[in-house]
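Let's take a walk through this model together, beginning with a pairing of charges and moving on to how the helices meet. Have the structure open beside you as you read.

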Amino acid sequence: MTQDPGHPAMALNSRFAEVECLAESHQHLSKESLAGNKPANAVLHKGRGHGRALGDLGWPCAIPM
């Protein structure tokens, strides 16, 4: 059985993986912020809606906007 990269389900699966990864990054930032990590707190509050900010700090699966 082969997977068709052009199938709509593949695009949906890819998007779900991106959203899941962004949620995990946000969760990590939230935990760091609660632990008193000031840079994480700044990114969490200033970078809302900007997945690029997570990538700038080294989070590997941030979604480029």
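## A salt bridge along one helix

This is a predicted model, and it holds 1 salt bridge. The partners are arginine 15 and glutamate 18, whose side chains come to 3.1 Å, N to O. Side chains of opposite charge can pair when their charged atoms come close.

Where do glutamate 18 and arginine 15 lie? Both belong to helix 1, which covers residues 8–34, and they sit 3 residues apart, or about one turn of the helix. Glutamate 18 is partly exposed, because its relative accessibility is 33%. Arginine 15 also falls in the partly exposed class, with a relative accessible area of 45%.

## Helix 1 from end to end

Helix 1 is built from 27 residues. From its first C-alpha to its last, helix 1 reaches 39 Å, close to the 39 Å expected at 1.5 Å a residue. After helix 1 comes glycine 36, and its phi is positive, near 95 degrees.

Which residues of helix 1 are buried? Cys21, Ser25, Leu29 and Ser33 are buried there. Histidine 28 is found in helix 1 too, but it counts as partly exposed because its relative accessibility is 36%, and buried would mean under 20%. Serine 30 is another residue of helix 1. At 22% relative accessibility, serine 30 counts as partly exposed, because the buried class is kept for values under 20%.

## How helix 1 meets helix 2

Two packed helices are described by the angle between their axes and the distance between the axes. For helix 1 and helix 2 (residues 38–46), the angle is about 130 degrees and the axes are 8 Å apart. That makes helix 1 oblique to helix 2. The crossing of helix 1 past helix 2 is left-handed.

Which residues make the meeting between these two helices? From helix 1 come His26, Leu29, Ser30, Glu32 and Ser33, and from helix 2 come Ala40, Asn41, Val43 and Leu44. Leu29 and Ser33 are thus worth a second look: they are among the buried residues of helix 1 and also take part in the meeting with helix 2.

Two C-alpha distances help to place the pieces. Serine 30 and asparagine 41 are 11 residues apart in sequence and 7.5 Å apart in space, C-alpha to C-alpha. Histidine 28 and alanine 40 are separated by 12 residues in sequence, with 9.0 Å between their C-alpha atoms in space.

## The chain as a whole

Now step back to the full chain. How many helices and strands does the chain have? Its secondary structure comes to 3 helices and 0 strands, and from the N terminus on the elements run α-α-α.

The chain has 65 residues, and 20% of them count as buried. Turning to contacts in the chain with a separation of 6 or more, 33% of them come from residues 24 or more positions apart.

Key. Residues numbered from 1 in each chain as written. Predicted model: local features only at pLDDT ≥ 70, side-chain atom pairs only at ≥ 80, totals over all residues. Heavy atoms only, no water. Salt bridge = Lys/Arg side-chain N within 4 Å of Asp/Glu carboxyl O. Helix = DSSP H or I, 4+ residues; strand = E, 2+ residues; numbered from the N terminus. Buried < 20%, exposed > 50% of the residue type's maximum accessible area, 1.4 Å probe, protein only. Expected span 1.5 Å × (residues − 1). Axes fitted to C-alpha atoms, helices over the stretch in contact; angles between N-to-C directions. Parallel < 35°, antiparallel > 145°, perpendicular 65-115°, else oblique. Left-handed = near helix turned anticlockwise from the far one by under 90°. Contact = heavy atoms within 4.5 Å.
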